[in-house]
Amino acid sequence: MGRRGFLRFGLAGAGAALAPGLLSACASPAASGGANSLRVWDLFSGADGVLMEEMIAEVTRGPDAFEIDRTILEWGSAYYTKLAMAAAGGRAPEVAVLHLSRLAGYAPGGLLEPFDLELLAEFGVREGDFAPAIWQRAQWDGEVYAIPLDTHPFVYFYDLDIAERAGLLDSDGALVEMGSPEAMLAASAAFAEAQGGIGVLFGHVTDPAQNWRLFNGLYAQTGNTFSLPDGGEPEVDIDAATEVVSFMQSLFDGSTNPNNLDYDGAVAAFTDGRGASIMVGEWEMPGLRESGRPLGAAPFPNVFGKPAVNADSHSYVLPRQENPDPERRRQAHRYVAEMLKRSLAWASAGHIPAYQPVVDDPEYAELDPQSSYAEAGEIAVLDPPTWFTGSGSNFQIRMSSVIQSALLGDTSAASAAQQMIDESATLLDQPNPVV
Amino acid sequence: MSTTASKVPVTEEAGGSTVPAAPARRRRTGLFFVLPFTVVFALFMVWPIVQGIWMSFTDQSLSLRGTEFVGFDNYAEAFGDPDVWSSLGNTVFFTVISVVPLVLLALCMALLVHTGLAGQWVWRLAFFAPYLLPVSVVTMIWQWLYQPDLGMFNQALDKVGIAPVGWLSDEAFAMWSMAALTVWWTIGFNFLLYLAALQSVPDTLYEAAALDGAGAWRRLFSITLPQLSRTTVLVVMLQVLASLKVFDQIYIMTKGGPNGSTRPILEYIYDVGFTGYRLGYASAISYLFFAIIVIVSIAQLRFMPRKEG
Amino acid sequence: MSAPTTTRPRSLPPAGLRRRRPQEAAGAPLLLGHGRLPRVLAGGALGIFALLWVLPFVWTLITSFQSERDISSPGFNPIKGALTLDAYRQVFDRGTLPIWAFNSILTAGLVTLITIVLSTLAAYGFSRGTFRGRRALLAVTVASIMVPPQLLMVPLFQEMLAFNLVDTYWAIILPQVVAPMMVFILKRFFDAIPRELEEAARIDGASDLRVFWSIVLPLSRPIVSAVSVFVFIGAWNNFMWPFIITSDPDLMTLPVGLATVEDAYGVAYAQSMAAAVLAAAPLIIVFLFFQRRIVKSVATTGLGGS
């Protein structure tokens, strides 16, 4: 007998006796939304949070207006823990935002409901509207569990004026190719000289993800896959991993480019004009632009040959409900579709809309510098799909801290690569709690 | 607590003497009084304890997949899990650095207030008020005090020319910061216990000592402190157990960071069970920790002076 | 607290006199000598402690009356800043604080009520009862005082899943009403009440419940109110269990909501401090009015009713 069956059998009677009565009469008497409002959860605070607030305000106006009860929870493991617990509890919100990289921890465990593609098509959203690389990650076991809102890659921002002075712009005014580790190092030196300061900024100290983001993209460029098969051993090319880490070490050598910045320190160094370029998520774009520097952006330089960019995708999911209401579920589909169609506004924060009709919109092409890295959406590399990886996960924290020791000079590149494999093996050794 | 053992037989005799008066009725007297509590006690104390033991032998998950019996696998894993040991170490470290000031400072405060200086209610309010704050209010306040650029502490350091400190982000400081906050927040409770104990020291003891010509320090060391020994044992006992169970303020402020340096064992149980879905494994760690608590409690009970001497 | 008899000197004045302080002690309290210096030193030490304890409150209050922009400007001195009520206005505009306060009052109130009803009944039953298994049940109850409720979070969550109660008020309340410590404290109190009154009423034909209600409870008012205050403060400030069992922000209690739910606009310190002031206010105000009773409640209940 399954555990739920076992428990329900013995205790359902008691539960039935306890549940109704006094409090169900006033269940959530102070609920901020009405009985018909759609409950949506996300983890956007700050610039993204305000933008999302505006997009939601837009769908709550007009003839077919929604009533939306929005909840923002703290980004990271806190959010994902609450989402899983709410879904297990059966009274989860109708719609929630999930990083696509975390789908493998949710869909197989029954914590999400699949989307009804016919219903979505009725509201104007179809498979063909998404980049295949992303759409493929939204599925599990033949069903679609996530509808991507955006792709948010790790990109490369630079000061246009300094790039020009350093001779790093091509005739179209775009950043020149940096097709090898040597080319990238040379470009970094040229940037540093033109800047009279730091060439490439990267903040990673005590950061839970930055090192992994940089590594993951570069490693994929070597043509290898960081594979974590369920119940097996990690399949990682240790030579390629070593090469990537040692490239990171030589790029952030502590002289041309500092190796000991933290996230905020690196961003501040760029906005204060102390560095020529910065490797960071595109979501920092609004803040970087506010500094007044002429901002250029490129998809991540293709250093090792195969085009690949580390990215993730904010997606909409339908958390499991104990007693789903068909009409609400329908409204949830319609809400997701409406938000996707309005994702041009979302792009103003730097994100690449996942819904291709918006990307093809001439208005999007006018967005600068967003449109210059739009192709990153097609070569996005997410975390290896398994239950313990993804944004805000312990896996990213552990990988990042290993690389941090390498960048700070406490570990060699080779032993860092080995340690990453060992730590992955330890995580893989845990019994998989979702399948 | 140890005192019950000696209490129970006393009442037993008193109750027993009335039994012959109405035997049939007496046999179930009190049963219906105890029943409602017993039901709730069984449902929300006994059952979860039993259920938790069962879970600790399974691979139960928060996700909806089935459950299998895994024997002692979880316990074996826990003994070899470095995070169990490091979070346990953090918990013990926190307990040591929080209990000492929470007991000694509370005693000092209570002694000072008990000297009868003017403004008794002001002192009581100042020291006890933080105890009435919900933990989130405490963490909001201290997050702001510890704020790296604008917080009160770093601004004060700046005024005297000392470089700012990463109160919550520096591994060397984070746990001390959590202990300082905890002392500020909860000391009022111990303070009140000591104050009440001081007030119940019979005046006659002091009078007799005064007649003998004992000075203030003599009276403190030969009367006051010995009279407080029972309270001290109780306060230490309650405080050790409370500190071992630390979770709230650390989870809210640092989530166990930086780099796991403040993560207490209860947070690890939460992380494993709810963030990592592994309810079975989390249960096993819970019971290991419970075993430690029982051992600590028993050890402490041995130091308890007998109340009825 | 009963004073230990063993250490008391033989040559004591009669019990009736013991309460009265001798004349010379009225001005010079017992711990200090007669000189001026010790008093100044003690007062100084106390003043420093009090200042340290009050400072965070003052800093919080000052911050809450500043504008967000002023606070984040470099080199800002909060003491000189212009005062504004903006932060409070924004907190009220968000509208979540009253919901959480309502939830806290509702759940803490019900926890207290149910705990008191269950615990006084049980304590009386244990004290006066003669039913079979009483001693064993009492022993189990007392032993369970050692079980920290935090360690039951995983199985309790699982149980709430089985009852289908996750994300309901009942799930917040029910596990909190099991208070073996309070049963123990009340039982000790009831044990000390002489039985003659009850026996007399029983001879007059009063039922057990009636005896309990009209004779025992009125005599127990002080201890019951002490226990109530203690239970209420505990439930009001409880974080971990409500945090685990509620995900729906409309059901969250004050401490959980404040720590969990974020604002679209990110961290705003003035607002955060205004919310802290508002959330702290209820219990602090209650304390100002009922200081004596609360102090007494903590002192008696905290030490296990001794």
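**Exercise 1. Split chain B into its domains and describe where they touch.**

Step 1. The assignment for chain B gives domain 1 (22-55) and domain 2 (58-303). Such bounds come from an automatic or database domain assignment. This is a predicted model: local features need pLDDT of at least 70, side-chain atom pairs count only at pLDDT 80 or more, and totals for chains, interfaces and linings use all residues. Residues are numbered from 1 along each chain as its sequence is written, with chains lettered from A and ligands numbered from 1 in the order in which they are written.

Step 2. The C-alpha centres of domain 1 of chain B and domain 2 of chain B are 33 Å apart.

Step 3. Domain 1 of chain B gives 4 residues to the contact, and domain 2 of chain B gives 7 residues. Contact requires C-beta atoms, placed from the backbone, within 7 Å.

Step 4. On the domain 1 side of chain B, 3 residues are nonpolar, 1 is polar and none is charged. Ala, Val, Leu, Ile, Met, Phe, Trp, Tyr, Cys and Pro count as nonpolar; Asp, Glu, Lys and Arg as charged; the others, Gly among them, as polar.

**Exercise 2. Characterise the contact between chains A and B.**

Step 1. Chain B supplies 16 residues and chain A supplies 16 residues.

Step 2. The chain B side that touches chain A has 5 nonpolar, 8 polar and 3 charged residues.

**Exercise 3. Locate the domains of chain C.**

Step 1. Chain C is assigned domain 1 (34-90) and domain 2 (95-261).

Step 2. Taken over C-alpha atoms, the centres of domain 1 of chain C and domain 2 of chain C are separated by 38 Å.

Technical notes:
Two residues are in contact if their C-beta atoms, placed from the backbone, lie within 7 Å.
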